[in-house]
Amino acid sequence: MNYLALNGGALALALSLCAVPAAAQTIKIGSVLTLSGPNATLGENMDRAIKLYMKLNQDKLPSGVKVEVLTRDDGGPNPDKAKQLSQELIVRDKIQFLTGMTWTPNAMSSAPLATEAKVPMVIMNAGTSVITTMSPYIVRVSFTLWQSSLPMGTWAAKRFKTAYVAVSDFGPGHDAEAAFTKGFTDAGGKVVGNVRIPLANPDFIPFMQRAKDAKPEAVFAFVPAGKQATAIMKAYGELGLDKAGVKFIGPGDITTDEELPNMGDVPLGVLTVFHYSAAATRPANKAFIAAWKKEYGENSTPSFMSVGAWDGMDAIYYAIREQKGKVDPDKTMELLRRYKNPNSPRGPISIDPDTRDIVQNEYLREVRRVGGKLANVELETVQTAVKDPWKIINNKK
Ligand code: PHB
């Protein structure tokens with residue numbers, strides 16, 4: 001082999017190496033959700049949204065960048081289990097984003113891990129106001145109970161003189177109770193009684209009976225969406241509160257879209273304030289619903305938790321895209337603080353750069369029959385671009 005031939009071979013080898021595309025880069029996202037137990041439908045609706053988003057938005061990633069979601073089942077509101085799963089995802093699987101978080105206690109137990117490991121944590125559901133203050137690496141794309149229940153209280157005081165307040169006995173329930181009570185009483189309403197219902201295996205009948213005995217004009221309730229919402233709705237109907245003229249009101253968790261078909265006719269006329277309805281007619285929501293039904297069947301309806309997960313993925317993809325696939329936790333947080341989407345299925349959303357919490361519209365809705373099916377019909381936008389009121393009132397960042 002002469003010198004020239006060798007040189008030519010080396011050149012060919014070098015050229016061929018250049019022609020090989022750079023090894024595909026994979027961003028790992030850990031998703032902690034509730035996929036088993038009595039609340040399994042909550043996480044399923046989030047997981048389906050994550051998968052659908054990924055399927056339909058591959059073109060939103062820089063070329064050569066892939067996303068892998070590692071999904072873990074926390075089994076329900078179970079902070080120790082959730083913390084263990086988050087830890088494994090961070091330490092062993094080396095995820096670059098932590099997301100999911102169906103429940104407040106689970107998000108809270110994982111928050112210190114996000115700080116220690118500097119892993120951006122995108123909360124797709126858990127709605128207790130304080131959560132975002134627990135780590136500078138948290139951003140929330142879902143909602144707070146204060147966002148819906150404070151304006152609900154103000155609005156309700158125009159229609160009802162008295163209300164009874166019934167909430168699940170954990171973070172979001174306590175927030176819903178405080179927010180509604182403030183809105184209602186500041187506007188002249190009177191709370192004639194309140195009760196906190198155990199989160200695990202609740203029997204709603206005795207609590208609804210107490211509410212009925214207090215003879216309020218309205219019962220305001222928060223329970224987790226999913227099967228608990230259907231169970232409290234049934235208790236309200238079985239005890240005849242609707243026939244006794246007691247209006248049922250609350251945040252949209254009590255009439256969550258995916259459970260409406262399981263609630264009979266009892267929810268008709270129930271009034272809620274919330275940030276998302278599957279029945280909303282804005283084009284971005286119609287497109288979202290059409291894509292969902294195409295993927296999961298005509299009888300499947302996404303929930304507000306699905307939309308939280310959908311928008312959460314959009315925020316993560318944005319952070320990946322802006323960094324061309326080389327994600328740095330602090331740069332990611334800077335980007336997520338400024339994330340905006342004028343066209344979410346729920347309407348315009350943005351992240352408040354000061355608090356890393358979601359800013360969105362709140363709609364007044366009534367359950368009505370539309371095309372033979374119950375639906376949360378948006379009647380009016382009670383407030384646009386709502387920031388978490390708890391943080392404003394308490395001067396929290
Ligand atoms: C929460 O744990 O923050 C939570 C759970 C279920 C809901 C809303 C909030 O429907």
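Q: Which residues of H5 and H6 meet?
A: In this predicted model, H5 contributes Leu145, Trp146, Ser149, Leu150, Met152, Gly153, Thr154, Ala156 and Ala157. On the H6 side the partners are Pro172, Asp175, Ala176, Ala178, Ala179, Phe180, Lys182, Gly183 and Phe184.

Q: What classes of residue make up that contact of H5 with H6?
A: The contact has twelve nonpolar, four polar and two charged residues.

Q: At what angle do H5 and H6 pack?
A: Helix H5, residues 145-159, packs against helix H6, residues 171-186, at an angle of about 30 degrees. Their axes are 7 Å apart. The angle of about 30 degrees makes H5 roughly parallel to H6, because angles under 35 degrees count that way.

Q: And is the crossing of H5 and H6 left-handed or right-handed?
A: The crossing of these two helices, H5 and H6, is right-handed.

Q: Phe180 was in that list. What else is Phe180 in contact with?
A: Leaving aside neighbours within four places in sequence, Phe180 is in contact with Ser149, Leu150, Met152, Gly153 and Ala156. Its other contacts on that count are Ala163, Val165, Phe220 and Ile249.

Q: Which residues have the most contacts inside the largest nonpolar core?
A: Those are Phe180, Ile249 and Met313. The core itself has 88 residues.

Q: Where does the largest share of this core come from?
A: Helix H10, residues 304-322, supplies the largest share of this core, twelve residues.

Q: Which residues does the second, separate core include?
A: That core has 26 residues, and Ala166, Phe204, Phe207 and Ile254 are among them. As background, nonpolar side chains tend to be buried together in soluble globular proteins.

Q: Back to H10, then. How do the axes of H10 and H11 cross?
A: The axes of H10 and helix H11, residues 329-337, come within 9 Å and cross at roughly 125 degrees. H10 and H11 are therefore oblique to each other. Their crossing is right-handed.

Q: Which residues make the contact?
A: H10 offers Ala315, Tyr318, Ala319 and Glu322, while H11 offers Thr332, Leu335 and Leu336. By class, the contact of H10 with H11 has five nonpolar, one polar and one charged residues.

Q: Moving on, how do H3 and H4 pack?
A: Helix H3, residues 79-91, and helix H4, residues 104-117, pack at an angle of about 30 degrees, with axes 7 Å apart. They are therefore roughly parallel to each other. H3 passes H4 in a right-handed crossing.

Q: What residues meet there, between H3 and H4?
A: Pro79, Ala82, Lys83, Ser86, Gln87 and Ile90 in H3 face Pro105, Asn106, Ser109, Ser110, Leu113 and Ala117 in H4, and these two groups meet. The residues of this contact divide into six nonpolar, five polar and one charged.

Q: Where is the place of Gly76?
A: Gly76 sits in the loop between strand S2, residues 65-73, and H3.

Q: Is Gly76 buried or exposed?
A: Gly76 is buried, because its relative accessible area is 2%, and buried means under 20%. Not counting neighbours within four places in sequence, Gly76 is in contact with Thr34, Trp103 and Asn106.

Q: And what does Asn39 touch?
A: Beyond residues up to four places away in sequence, Asn39 touches Thr34, Pro77 and Trp103. Asn39 lies in the loop between strand S1, residues 25-33, and helix H2, residues 40-56. Asn39 is buried, with a relative accessible area of 10%.

Q: What about His174: where is its place?
A: His174 is in helix H6. At 26% relative accessibility, His174 counts as partly exposed. Setting aside residues up to four places away in sequence, His174 touches Ser168, Asp169 and Arg196.

Q: How far are the C-alpha atoms of His174 and Thr99 separated?
A: They are separated by 24 Å, and the two residues, His174 and Thr99, are 75 residues apart along the chain.

Q: One last topic: what is phi of Ala385 near?
A: Phi of Ala385 is near 45 degrees, a positive value in a residue other than glycine. Ala385 lies in strand S14, residues 373-386.

Q: And phi of Asn395? What is that near?
A: Phi of Asn395 is near 50 degrees, a positive value in a residue other than glycine. Asn395 is found in the segment after helix H12, residues 389-393. Asn395 is exposed, with a relative accessible area of 67%.

Key: Residues are numbered from 1 along each chain as its sequence is written. This is a predicted model: local features need pLDDT of at least 70, side-chain atom pairs count only at pLDDT 80 or more; totals for chains, interfaces and linings use all residues. Side-chain values use heavy atoms; hydrogens and water are left out. Axes are lines fitted to C-alpha atoms, for helices over the stretch in contact, and angles run from 0 to 180 degrees between N-to-C directions. Helices (H or I, at least four residues) and strands (E, at least two) are DSSP runs, numbered from the N terminus. Angles under 35 degrees count as roughly parallel, over 145 as roughly antiparallel, 65 to 115 as roughly perpendicular and the rest as oblique. A crossing is left-handed if the near helix is turned anticlockwise from the far one by less than a right angle, and right-handed if clockwise. Contact means heavy atoms within 4.5 Å. Ala, Val, Leu, Ile, Met, Phe, Trp, Tyr, Cys and Pro count as nonpolar, Asp, Glu, Lys and Arg as charged, and the others, Gly among them, as polar. A nonpolar core is a set of buried Ala, Val, Leu, Ile, Met, Phe, Trp, Tyr and Cys residues joined through side-chain atoms within 4.5 Å. Buried means under 20% relative accessible area, exposed over 50%, partly exposed in between (1.4 Å probe, protein chains only).
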